[in-house]
Amino acid sequence: MGEPVPVNSCLLLGDRDAAVDFPKGALALALCPACGLIWNCRYDPELMTYSQDYEETQGFSPTFQAFIHHLAADWVERYSLGGGTVVEIGCGKGEFLVELARAGIGSGIGIDPGVQPARIPAGLPLTWIQGLFPQDLPDLRADAIVCRHTLEHIAPVREFLAAIRSAITEPERTVLLFEVPDVRRVLDEVAFWDVYYEHSSYFSAGSVGRLFRAAGFDVLAIERAYSDQTLLVEARPAVGGVATAAIPIEEDPAELAEAAARFARGHQAMVDHWRDRIRTVHAGGGRTVIWGGGSKGVAFLAALGADSRLVDGVVDINPFKQNQYMAGTGHRVLAPKDLTDAEPALVIVMNGAYRTEIGAELTDLGLTPTVEAL
């Protein structure tokens, strides 16, 4: 997919030179014609770093908070998790497990190398492990195993799911509740900003269903969520090791291969569209900023190449990102209030799910730029 890209896009980098010189890796997406899994065949897990400096949370967004609040309440109700035990693999900064606790679970364990207990509300029946599964949590004794926006970071992914299946100590009581990005939307929209090095695997409804069944699970449901950007996957250990058949939402691999071919054909044109848009604003004397200092922003700027210098700023509402520098290009992350000095002509929203709340914030700041969402 072109030039090498930063191998981490959510690390906090306080030094601009270190951000510009950040290690890079190659992106080369491949598709399995049998199962439909898409993966980066140049991915090297040795290049990855996950630590407390990894700042992936979207939890400062009211839109995101409303989503996880309703998702947690729904899963607790539908799977009778009130008073039960939940383990979350890849819990990040812990906000979803907190929502599950508020929705009524009896206890929870969150495991992630980047978890920061000091940032999590006290007084909840939750335990935090700064580590990795299965090394630091070999047994999964729980009513539910939750794993959101982690599976796409794992290689080899089937072995990881099989390890979860083996670690479940009471399979008759345990449900799996996963969330992953939907690669079908990425392909259909030619969303090059949603392809980055941390994601070694890319899932569609069909490929994720086949993956779970191959690892020994029955898939109960797969549905799209969050402006159709993600897939919610609900599954249980298969009885007798025999998984049930596919469900209607699952496409076949040939259909996904066609979508992948369209993405490949349209990729350069989409990159050029945004380059031309930013060049036009710059030529007219205006300033362009992007809103979103996370993975999408890093991928977007990386794809622009030299034209990334025409982007005058990066904005993020997460205070932990502000005054840090973007891996690859070295853009400093601004707070929204900083835009009153920049007075941008164009704001490009990295995640369309946040367009409404960003528009409201710009209005509150007295700014009236053109707002366009990816």
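A residue counts as buried when its relative accessible area is under 20%. With that cut-off in hand, strand β12 (residues 230-237) turns out to be mostly covered, since seven of its eight residues are buried. Keep in mind as you explore that this is a predicted model. The points below start from β12 and then visit a small sheet, two helix pairs and some backbone details.

**Strand β12 and its partners**

- On one hand, β12 pairs with strand β9 (residues 175-181), in the antiparallel sense and over six bridges.
- To find a spot where β9 and β12 meet, look for Pro181, whose bridge partner in β12 is Thr230.
- Strand β11 (residues 217-225) also pairs with β12 in the antiparallel sense, here over eight bridges.
- In this second pairing you can look for Arg224, which stands opposite Leu231 of β12.
- A hairpin is formed by β11 and β12, with four residues between the two strands.
- Within the turn of that hairpin, Tyr226 has a positive phi of about 55°.

**A three-stranded open sheet**

- Another place to look is an open sheet of three strands, whose order is β3-β4-β10 and whose pairing is antiparallel.
- The edges of this sheet are β3 (29-31) and β10 (201-202); each has a single partner strand, so one side of each is left without a neighbour in the sheet.
- Strand β4 (residues 38-40) runs antiparallel to β10, and two bridges join them.
- One pair of residues to click on here is Ile38 and its bridge partner in β10, Tyr202.

**Helices α2 and α3**

- Two packed helices are described by the angle between their axes and the distance between the axes.
- For helix α2 (residues 62-78) and helix α3 (residues 95-103), the packing angle is about 50° and the axes are 9 Å apart.
- An angle of about 50° lies between the cut-offs of 35 and 65 degrees, so α2 is oblique to α3.
- The two helices, α2 and α3, make a right-handed crossing.
- On the α2 side, the contact is made by Phe64, Gln65, Ile68, His69, Leu71, Ala72, Ala73, Trp75 and Val76.
- On the α3 side, the contact residues are Glu95, Phe96, Glu99, Leu100 and Ala103.
- Sorted by class, the contact of α2 with α3 has ten nonpolar, two polar and two charged residues.
- Helix α3 is largely enclosed by the rest of the structure, because seven of its nine residues are buried.
- Those buried residues of α3 are Glu95, Phe96, Leu97, Val98, Glu99, Leu100 and Ala101.
- The buried residues of α3 pack against α2, and also against β5, β6 (107-111), β7 and β8.
- Just after α3 comes Gly104, which takes a positive phi of about 120°.

**Helices α4 and α6**

- Helix α4 (residues 157-167) and helix α6 (residues 205-214) pack at about 50°, and their axes lie 9 Å apart.
- These two helices, α4 and α6, are therefore oblique to each other.
- The crossing in which α4 passes α6 is right-handed.
- From α4, the residues that make the contact are Val157, Arg158 and Leu161, while α6 contributes Leu211, Phe212 and Ala214.
- By class, five residues in the contact of α4 with α6 are nonpolar, none is polar and one is charged.

**Backbone details in the loops**

- A cis peptide bond runs from Phe133 to Pro134, with omega near 0°.
- You will find Pro134 in the loop between β7 (126-129) and β8 (144-148).
- Ala155 and Pro156 are also joined by a cis peptide bond, with omega of about -5°.
- Pro156 belongs to the loop between β8 and α4.
- Ser80 is a residue other than glycine with a positive phi, near 50°.
- The loop that holds Ser80 lies between α2 and β5 (85-89).
- Ser80 counts as exposed because its relative accessibility is 63%, and the cut-off for exposed is over 50%.
- Asn323 is not a glycine either, yet its phi is positive, at about 70°.
- Look for Asn323 in the loop between β14 (311-315) and β15 (333-334).
- With a relative accessibility of 47%, Asn323 counts as partly exposed.

Methods
Residues are numbered from 1 along each chain as its sequence is written. This is a predicted model: local features need pLDDT of at least 70, side-chain atom pairs count only at pLDDT 80 or more; totals for chains, interfaces and linings use all residues. Side-chain values use heavy atoms; hydrogens and water are left out. Axes are lines fitted to C-alpha atoms, for helices over the stretch in contact, and angles run from 0 to 180 degrees between N-to-C directions. Angles under 35 degrees count as roughly parallel, over 145 as roughly antiparallel, 65 to 115 as roughly perpendicular and the rest as oblique. A crossing is left-handed if the near helix is turned anticlockwise from the far one by less than a right angle, and right-handed if clockwise. Contact means heavy atoms within 4.5 Å. Ala, Val, Leu, Ile, Met, Phe, Trp, Tyr, Cys and Pro count as nonpolar, Asp, Glu, Lys and Arg as charged, and the others, Gly among them, as polar. Buried means under 20% relative accessible area, exposed over 50%, partly exposed in between (1.4 Å probe, protein chains only). Two strands pair if DSSP finds at least two bridges between them.
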